[in-house]
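This report turns to two topics, the pairing of strands in one sheet and the salt bridges between charged side chains. Please keep the sequence and the structure in view while reading.

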Amino acid sequence: MSAPAGWYPEPDNPAELRYWNGEAWTDARQPNPDLLASLPPPAAPQPPPTDPAPVPPPAPAPPAAPIPPAAPAPPDVAVPGLDATLAGDPFLDEDGDRDRRNAIMIVLGLLLVVLVAGVTFLLLSAGDDDSSADPVGNASTDTLPSTSTTTTQAPTTTQAPTTTTTQPPTTTTAPTTTLAPTTTTVAAGAPERVASLLVDIVNLRARPDLDAASIDRIEDLAGTSIIVIGDPVNGWYEVRIGLQQGWMFGAFVLPPADGLVVLRTRSEDPVVLRNSAGTPLELDSAAGSYALATSTSDTLWPVILPDGGTAWVLGSEMNVLS
């Protein structure tokens, strides 16, 4: 096979390179840079002597040992297409191999930069889609109600000019209503007292009203101490239990306020509510087996109902707790 075209040491004179065109030697010649590189550098020039006495010149450096010529392999088979391609390759000059390597390294470096940039972009894109945040942002029903208005979000439909978008309803696990300021809220600095809770289950409400929204459901706290704030309103107390504050009916709190009496049925059955003549009413006691009386004289005792009304009970059916 024919050797590729290029500069090779002259077989008869290794100090020169001669161009091989792939088929035969040409007349083109140039100094052999490898041979010149092996020669020692010329001696540095000496400063002019100050002594008028003549200075003998430095001895010349001994010549380098000649490098035996490396004769190219004789061409075996000529490949016209390959020889023509090599002959027209612009990288095949005196530094052809080094230029080819440099070009290949540049191309590989660019490919590596593009690959790293692509992988980085894919990782960043994947990270943007990873989200575990709650899209609704519901507050826990155990959170203290603030004085700002915060009500349960109902389904809302937003009408756009051409598109109707419906906001999904907010999911809540229990009724949650802000305790808004009302005319019945006890003013700051109102007197406080310690009382005891009588029942295991009771609703803490936003206002002194049986129909008011429930702030929290108090469970398994019978016998627990609570704080009563201010005077009663229609038989209701504003109380503080732990971190929660709201309104509770007075039949469940001992001791009661002045002028009130807490009653409980002797049989622990629900209270039988009556009219002023003693006739039973078709009305269930919202307080269960408890009642809040304003008097315990005579046979019928007047009691305050949680809705603000008045009814009577038979004193013979009730026990006085306070």
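The paragraphs below describe the sheet and then the salt bridges.

**The sheet**

The model is predicted, and the description of its strands starts with an open sheet of 3 strands, arranged in the order 1-2-3 with antiparallel pairing. Strand 1, residues 6-10, and strand 3, residues 25-31, stand at the edges of this sheet, and because each has a single partner strand, one side of each is left without a neighbour in the sheet. From one strand to the next, the twist averages 40°. Strand 2, which covers residues 13-20, runs antiparallel to strand 3 and is joined to strand 3 by 4 bridges. Within this pairing, R18 has R29 of strand 3 as its bridge partner. As general background, strands of a sheet pair through backbone hydrogen bonds, in either a parallel or an antiparallel manner.

**The salt bridges**

The structure holds 7 salt bridges. R18 and R29, already met as bridge partners, also belong to a network of salt bridges in which they are linked with E10 and E16.

Other salt bridges are set out in the table, which gives the N to O distance for each pair.

| Acidic residue | Basic residue | N to O distance |
|---|---|---|
| E219 | R217 | 2.8 Å |
| E268 | R264 | 3.8 Å |
| E317 | R274 | 3.0 Å |

Where do the two residues of the salt bridge between E317 and R274 lie? E317 lies in the loop between strand 16 (310-314) and strand 17 (318-320), whereas R274 lies in the loop between strand 13 (261-265) and strand 14 (290-293), so the pair ties together parts that are 43 residues apart in sequence.

The accessibility of the residues in these pairs can be followed one pair after another. E219 is partly exposed, with a relative accessible area of 40%, and its partner R217 is likewise partly exposed, with a value of 45%. In the pair of R264 and E268, R264 counts as partly exposed at 27% relative accessibility, while E268, at 52%, counts as exposed, because the term applies over 50%. In the pair of E317 and R274, E317 is partly exposed with a relative accessible area of 28%, but R274 has a relative accessible area of 10% and is therefore buried, a term that applies under 20%.

How values were computed. Residues numbered from 1 in each chain as written. Predicted model: local features only at pLDDT ≥ 70, side-chain atom pairs only at ≥ 80, totals over all residues. Heavy atoms only, no water. Pairing = 2+ DSSP bridges. Axes fitted to C-alpha atoms, helices over the stretch in contact; angles between N-to-C directions. Salt bridge = Lys/Arg side-chain N within 4 Å of Asp/Glu carboxyl O. Buried < 20%, exposed > 50% of the residue type's maximum accessible area, 1.4 Å probe, protein only.
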